[in-house]
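Student: I would like to go through this model step by step, with a reason behind each answer. Please show it before we begin.

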Amino acid sequence: MQFPEPSPGPTQRFPNVQANRAKSYFDLFFTETVWEMLVGETNRYQVQEKIKKTEKHKGEWHEVTKPEMQAFVGILIIMGIARLPSFAQYWRQNVFTHICGITSVFSQEFYTNLAILPPSR
């Protein structure tokens with residue numbers, strides 16, 4: 001197989017692996033520009049959807065901030081690791097499945113509005 005680049009593969013070297021935490025690697029992908037785009041496009045989409053389908057979006061909405069978007073992505077990661085049978089179980093106060101890292105950050109309603117998910121049944 002021929003690669004167009006002179007040396008395919010990683011283009012950055014991390015000399016001190018011990019000093020680099022997982023967040024440092026995460027930040028290589030989720031740069032300030034990416035966060036700004038996620039926040040801006042989420043807020044723009046919400047405005048567009050509210051105009052198109054006013055009956056669907058009657059819940060309270062405020063523009064999403066960067067810290068809220070970061071928390072949202074963090075919750076998505078947690079949900080990918082700690083899988084539960086249904087979405088609503090992440091907010092139940094069950095001693096065996098309760099994840100305070102989720103329930104202490106967002107209400108189920110706010111998370112559902114942000115994720116554009118149908119209400120839980």
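Student: Where is Ser107 found?
Tutor: This is a predicted model, and its residues are numbered from 1 along the chain. Helix α4 covers 100–103 and α5 covers 108–115. Ser107 is found in the loop between α4 and α5.

Student: Is Ser107 buried, partly exposed or exposed?
Tutor: Buried means under 20% relative accessible area and exposed means over 50%, with partly exposed in between. Ser107 has a relative accessibility of 40%, so Ser107 counts as partly exposed.

Student: Which backbone nitrogen does the side chain of Ser107 reach?
Tutor: A polar contact needs N or O atoms within 3.5 Å. The side chain of Ser107 comes to 3.0 Å from its partner, the backbone nitrogen of Phe110.

Student: How far apart in space are Ser107 and Trp91?
Tutor: In sequence, 16 residues separate Ser107 and Trp91. Taken C-alpha to C-alpha, their separation in space is 7.8 Å.

Student: Which residues form a nonpolar patch with Phe29?
Tutor: Phe29 lies in helix α1, residues 22–29. Its relative accessible area is 66%, over the 50% cut-off, so Phe29 is exposed. The patch on the surface has about 320 Å² of accessible area together, and Phe29 shares it with Tyr25 and Leu28.

Student: In which helix is confidence highest?
Tutor: The mean pLDDT of the chain is 79, and 73% of its residues reach 70 or more. Confidence is lowest in α1, at a mean of 82. It is highest, at 92, in helix α3.

How values were computed. Predicted model: local features only at pLDDT ≥ 70, side-chain atom pairs only at ≥ 80, totals over all residues. Heavy atoms only, no water. Patch = residues over 30% accessible without salt bridge, like charges linked within 9 Å, V, L, I, M, F, W, Y side chains within 5 Å. Areas by Shrake-Rupley, 256 points an atom, 1.4 Å probe, with all protein chains shown as cover. Salt bridge = Lys/Arg side-chain N within 4 Å of Asp/Glu carboxyl O. Helix = DSSP H or I, 4+ residues; strand = E, 2+ residues; numbered from the N terminus. Buried < 20%, exposed > 50% of the residue type's maximum accessible area, 1.4 Å probe, protein only. pLDDT = per-residue confidence, 0-100. Polar contact = N/O pair within 3.5 Å; in protein donor to acceptor, adjacent residues only side chain to side chain.
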